[in-house]
Amino acid sequence: MKILHVLDHSLPLHSGYTFRSQSLFRAQRAMGYAPVIVTSPKHEESWNGDTSLKEEINGFTYYRSGATRHLPGAFTSEAWLMHVLSRRILEVAKIEQPDIIHVHSPVLNAIPALWAGRKLGLPVVYEIRAFWEDAAVDHGTYAEGSWKYKLTQLIETMVCTRVDHVAILCNGLKNDLVSRYIPAGKITPVFNGVNLDDFKPCPPDAEYLREWNLAGKKVIGFIGSFYRYEGLDLLVKAFARIAKTDPGVVLLLVGGGEVEGDLAQLIAGFELGHRVLMPGRIPHDRVPGAYAMIDILAYPRHSMRLTELVTPLKPLEAMAMGKVLVASDVGGHKELIRHGETGVLFKAGDDVALAAELAGLLGDGQRREALQRQGREWVSQHHAWGRTTAVYQDIYRSVTRP
């Protein structure tokens, strides 16, 4: 069975979105499906390198839609993007002859996929990883409860009523859709997962260990994108408290993003430039070696609608690597982390509480070892990609049944 996936963006761009997509395609191929991919014009907007209308990446075929220009007027650019994407989906479908269109959020992808699916007589599965309106609030595009927010939410709900099935990242998102009167039986969670062959205990990356001068030091770390909602400002404030009494601890922030400049200013204000390392983004295949040199992973997400509803991927990677983690008690974390068993939760927004938990774990090796062992066992049993993606078989059967 051939599945035409419609994405916002993809590899070679690096993001949680692209890595999850690649893992889903690998899992589907292992189940006997044939995934083929078309990306929105948003891909070209974000990718500065060379590109072509068709390319092969890691054994999968990607069709590109080409860049679109920004147009004056409200929603004109979005309307043109959807027109271009719907036309490209029809072109690719004519070439590939898929059995199902599987479109991934945001809703700007879902509307063109639904148009194309109805024209072609193909079932459409819509997979939501986060609600577009909530991401827009974090980016400062518009305020929660504004007319644009409510309009986007209404469109999302209408699309969910019209597609053949809704796949969802986690139970928080599912419960929200059910509250909008989308039937629970039409919604299937496809939880985040980890490739246990890629993420497993390993030696530290020797080059980075030497380059970053981390040998013999206690390391608190974060690896991921520097979005505002990740709460890295809170982590820097908590670390400033710890650094006053523990000269042997350093903070390692691997990645980059929209708040990178703000973090640099905050670190300079605390005069912690020599204790906080921000080496930038690193190749994906070297991420496990970076995890290996970190003693405690911190995920201090701020509480907002997005973080209360959506589960992240990074804590699962940390557990798979056999690492202890400390995370804020937002809903997305509580769905994944069992406090005191697979990780430690602290009150969201409280840098004093975060500092206390980090300092306590740094001084308690026995507790760290227990959490590391239990976390790896739990993620291996419940969140390997082969287990979390098995539900696609039920979803696809349900939408292709006569």
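**Close-up views of a predicted model**

**View 1. The second largest pocket.** The second largest pocket holds about 330 Å³ of space, where a pocket is an open set of points on a 1 Å grid over the protein atoms alone, with room for a 1.4 Å probe and protein on both sides within 12 Å along at least five of seven lines, and the volume is the space filled by probe spheres set on the points. Its lining (residues with an atom within 4 Å of a point) has 18 residues, of which S23, R26, D198, F199 and H284 are the closest to the centre. This is a predicted model in which local features need pLDDT of at least 70 and side-chain atom pairs pLDDT 80 or more, whereas totals for chains, interfaces and linings use all residues. Residues are numbered from 1 along each chain, and side-chain values use heavy atoms, without hydrogens and water.

**View 2. Helix α1 (residues 16-30) beside the pocket.** Helix α1, a DSSP run of H or I with at least four residues, supplies five residues, the largest share of the pocket lining. Eleven of the 15 residues of α1 are buried, meaning under 20% relative accessible area with a 1.4 Å probe, protein chains only; among them are F19, S23 and F25. After α1 comes G32, with a positive phi near 105°.

**View 3. The largest nonpolar core.** This core, a set of buried Ala, Val, Leu, Ile, Met, Phe, Trp, Tyr and Cys residues joined through side-chain atoms within 4.5 Å, has 63 residues, and W212, I220, L235 and Y291 have the most contacts inside it. Helix α9 (residues 232-245) gives the most to this core, nine residues.

Notes: Helix = DSSP H or I, 4+ residues; strand = E, 2+ residues; numbered from the N terminus. Buried < 20%, exposed > 50% of the residue type's maximum accessible area, 1.4 Å probe, protein only.
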